[in-house]
Amino acid sequence: MPHSASSLANLDLATLAERLGRRCRERGVSITTAESCTGGGVASAITSVAGSSDYFETGYVTYSNAAKKRLLGVPEASIAQHGAVSREVVEAMVAGACRDSGARLGVAISGVAGPDGGTPEKPVGTVWLAWGDEARQQAERHQFPGDRRAVRERAVREAIVGLIRYMEAEESSHRASG
């Protein structure tokens, strides 16, 4: 049963991770993460659930642009033209993570957590997230308030909520077309 945005928003991180794990087991979905500004926080939340090895095998922390290119195959041209904190880069990150890991679903995050590094176009708190697989991705830009810790925590929560919503949307579209 799909969850409203407000019902997921009210859950703590541990409960969200448990709900994600249940959903992955029910559907036989494996997941991966490709993280920059969250430094492995999403993978940590997922693996805090006992038995998460049933659906989570590999996560990538690609903090530098060189790592994004080398490990995930993010094109140099995308980084040069759009910057690491962009739709194009997070979509390439999630596609690369799914391709390399063999996972069916992934999430990618790149952002400006602060306290430095912001620009007028991408101020501190700007975070791009993408969900999807090697062939299809969906990305969103968020502007999270607060200090570095708060931005990172909000990004981790949004990544997990987005994975749940992505699977629910897939389920709905399969029911509608089936």
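Author: Let's begin with a term: a helix here is a DSSP run of H or I with at least four residues, and helices are numbered from the N terminus. Please keep in mind that this is a predicted model.

Reader: Thanks! Then what separates arginine 149 and glutamate 153 in helix H7?

Author: They are four residues apart in helix H7, which means that about one helical turn separates them. Their side chains meet in a salt bridge, with 3.0 Å from N to O.

Reader: How should I read such a pair in general?

Author: Side chains of opposite charge can pair when their charged atoms come close. To judge how open each partner is, compare its relative accessible area with two cut-offs: buried is under 20%, exposed is over 50%, and partly exposed lies in between. Arginine 149, at 52%, is therefore exposed, while glutamate 153, at 43%, counts as partly exposed.

Reader: How many salt bridges does the structure hold?

Author: There are 13 salt bridges. One of them joins arginine 27 and glutamate 171, whose closest N and O atoms are 3.5 Å apart. This pair links distant parts of the chain, with arginine 27 in helix H2 and glutamate 171 in helix H7, 144 residues apart.

Reader: Is arginine 27 buried or partly exposed, and which of these terms fits glutamate 171?

Author: Arginine 27 has 23% relative accessibility, so it counts as partly exposed. Glutamate 171, at 13%, counts as buried. Both also belong to a salt-bridge network that links Arg23, Glu26, Arg27, Arg104, Arg136, Glu168, Glu170 and Glu171. For another pair, look at glutamate 76 and lysine 69, whose side chains meet at 2.4 Å, N to O. Glutamate 76 is partly exposed at 44%, and lysine 69 is partly exposed at 31%.

Reader: Let's turn to the sheet. In what order do the five strands stand?

Author: The order is S2-S1-S3-S4-S5, in an open sheet with mixed pairing. Strands S2 (56-61) and S5 (137-143) stand at the edges with a single partner strand each, so one side of each has no neighbour in the sheet. On average, neighbouring strands are turned by 15° against each other, direction ignored.

Reader: Where do I find the parallel and antiparallel parts?

Author: Follow the strand pairs. S1 and S2 run parallel, joined by four bridges, and isoleucine 31 stands opposite phenylalanine 56 in S2. S1 (residues 31-35) also runs parallel to S3, with five bridges between them; here threonine 32 has glycine 106 in S3 as its bridge partner. S3 and S4 run antiparallel and share six bridges, and the partner of serine 110 is tryptophan 128 in S4.

Reader: Which way do the residues of S3 point?

Author: The general idea is that side chains in a regular strand alternate between the two faces of the sheet. In S3, Leu105, Val107, Ile109 and Gly111 point one way, and Gly106, Ala108 and Ser110 the other way. Seven of the seven residues of S3 are buried, so the strand is largely enclosed by the rest of the structure.

Reader: How should I read the nonpolar core?

Author: In soluble globular proteins, nonpolar side chains tend to be buried together. In this model, the largest nonpolar core has 34 residues, and Leu20, Ile31, Val42, Ile46, Ile109 and Ile160 touch the most other members. Helix H2 (13-27), helix H3 (41-47), strand S3 (105-111), strand S4 (126-132) and helix H7 (148-177) each supply at least two residues. H7 gives the largest share, 10 residues.

Reader: What does isoleucine 31 touch?

Author: Leaving out residues up to four places away in sequence, isoleucine 31 touches Leu20, Cys24, Ile46, Tyr55, Phe56, Glu57, Thr58, Ala103 and Leu105. Apart from the core just described lies another of 17 residues, including Ala34, Met93, Ala108 and Val112.

Reader: One last point about H7: is alanine 169 exposed or partly exposed?

Author: Alanine 169 is found in helix H7, and its relative accessible area of 46% means that it is partly exposed. From alanine 169 to glutamate 121 it is 48 residues in sequence and 31 Å in space, C-alpha to C-alpha.

Technical notes. Residues are numbered from 1 along each chain as its sequence is written. This is a predicted model: local features need pLDDT of at least 70, side-chain atom pairs count only at pLDDT 80 or more; totals for chains, interfaces and linings use all residues. Side-chain values use heavy atoms; hydrogens and water are left out. A nonpolar core is a set of buried Ala, Val, Leu, Ile, Met, Phe, Trp, Tyr and Cys residues joined through side-chain atoms within 4.5 Å. Buried means under 20% relative accessible area, exposed over 50%, partly exposed in between (1.4 Å probe, protein chains only). Contact means heavy atoms within 4.5 Å. Two strands pair if DSSP finds at least two bridges between them. Axes are lines fitted to C-alpha atoms, for helices over the stretch in contact, and angles run from 0 to 180 degrees between N-to-C directions. A salt bridge is a side-chain nitrogen of Lys or Arg within 4 Å of a carboxyl oxygen of Asp or Glu.
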